[in-house]
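Q: Please take a close look at one part of this predicted model, the surroundings of the ligand. Which residues surround the ligand, and which of them are the closest?

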Amino acid sequence: MERVAKLSGSLGFWVVVVTSVLVALASYRFVPLGVEVAMNFVAHNLNGNSLALYAHIAVAPIALLLMPFQFMSGLRTRRPSNHRWMGRAYVAAVVISGIAGFQLAFHTTTGTFATIGFALLSVIWVWTTLGALYFALTRQFARHRDWILRSAALTFAAVTLRVYLGTSMALGAEFMVAYPIISWACWVPNALLVEAYIVLRNQRQPGRAEAVS
Ligand code: HEM
């Protein structure tokens, strides 16, 4: 039973690695194609809000690209200085693109429900990431791991959003109906799942949450 759980755990991890890398790289399609062609429904931001748009679409994929590699224990133990540098870059990418994402949320053409969903996601994304940084700097590594897991679940919203959007469009849903729902659905289940995992793991390993390393 434990073997099955381990196997499905590592399969899940590799699904996260591959989908994160693919979505991050595909996000740069705006470089050869331009925003109007590559991501038409955010192109209205080019009028007066282009700094936030480019800060978000150019920097957020860096966070998505770095995130899964930070969880690879082999890389972390063999090259701890790489882990720290990539961690700093991840935090910087989240802060810059999170603030820009917050600004974009107020310019979405898909309504107030989507604005609140994305704005809340930006705030919690930056908050959990800075929390993880604080616990790393104060050497509270058990807490650092929990908080970076929370941050990663929200970074992964970029993938779940595109999976849900693609699926709902393929099923014939109306974009203006589906998108506001997805602006919440892309991150709330991720956050709850990771929270449940943290609670269960800390129950199974009492004292872990208080450990300093
Ligand atoms: C987790 C916090 C995030 C928030 C709050 C957020 C917010 C937003 C918002 C509000 C928009 C504009 C949507 C509209 O105008 O209707 C947007 C678009 C976009 N975001 Fe994010 N985003 C986040 C994470 C990411 C990540 C990690 C990536 C990395 C791939 C990313 C890449 C993009 C891209 C490429 C677009 C342009 C449209 C598209 O292709 O879907 N975002 N984001």
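A: In this predicted model, the ligand is surrounded by 23 residues, and the closest are Arg-29, His-56, Thr-108, Trp-125 and Arg-162. Sorted by class, the shell around the ligand holds 15 nonpolar residues, six polar residues and two charged residues.

Among the closest residues, His-56 may be taken up with the iron atom of the ligand, for which His-56 is the only protein donor, through its NE2 atom at 2.0 Å. His-56 has its place in helix 4, and helix 4 is also the element that gives the most to the shell around the ligand, with five residues.

Oxygen atoms of the ligand are approached by polar side-chain atoms from several residues. For Arg-29, a polar side-chain atom lies 3.0 Å from an oxygen atom of the ligand, while for Arg-162 the corresponding distance from a polar side-chain atom to a ligand oxygen atom is 2.9 Å. Thr-108 likewise places a polar side-chain atom 2.7 Å from an oxygen atom of the ligand.

Thr-108 also has a protein partner, since its side chain and that of Thr-110 are joined by a polar contact of 2.7 Å. Thr-110 is located in the loop between helix 6 and helix 7, and Thr-110 counts as buried because its relative accessibility is 6%, where buried means under 20%.

Turning from single residues to the site as a whole, the space that the ligand takes is the second largest pocket. The elements that contribute two or more residues to the shell around the ligand are helix 4 (50-66), helix 6 (80-105), helix 7 (112-137), helix 8 (141-155) and helix 9 (157-170).

Helix 7, one of these contributing elements, also contains Leu-120. With a relative accessibility of 36%, Leu-120 counts as partly exposed, because this value falls between the 20% limit for buried residues and the 50% limit for exposed ones. The C-alpha atom of Leu-120 is separated by 9.9 Å from that of Ser-183, although the two residues are 63 residues apart along the chain.

Taken together, the picture of the ligand site combines the NE2 atom of His-56 as the only protein donor of the iron atom with a shell in which 15 residues are nonpolar.

Key: Residues numbered from 1 in each chain as written. Predicted model: local features only at pLDDT ≥ 70, side-chain atom pairs only at ≥ 80, totals over all residues. Heavy atoms only, no water. Near = heavy atom within 4 Å. Polar contact = N/O pair within 3.5 Å; in protein donor to acceptor, adjacent residues only side chain to side chain. 1 Å grid on protein atoms, 1.4 Å probe; cavity = no way out; pocket = protein on both sides within 12 Å on 5 of 7 lines; lining within 4 Å. Sits in = over half its atoms within 2 Å of the grid points. Helix = DSSP H or I, 4+ residues; strand = E, 2+ residues; numbered from the N terminus. Nonpolar A, V, L, I, M, F, W, Y, C, P; charged D, E, K, R; others polar. Donors = N, O, S within 2.8 Å, 3.2 Å for Na, K, Ca; no water. Buried < 20%, exposed > 50% of the residue type's maximum accessible area, 1.4 Å probe, protein only.
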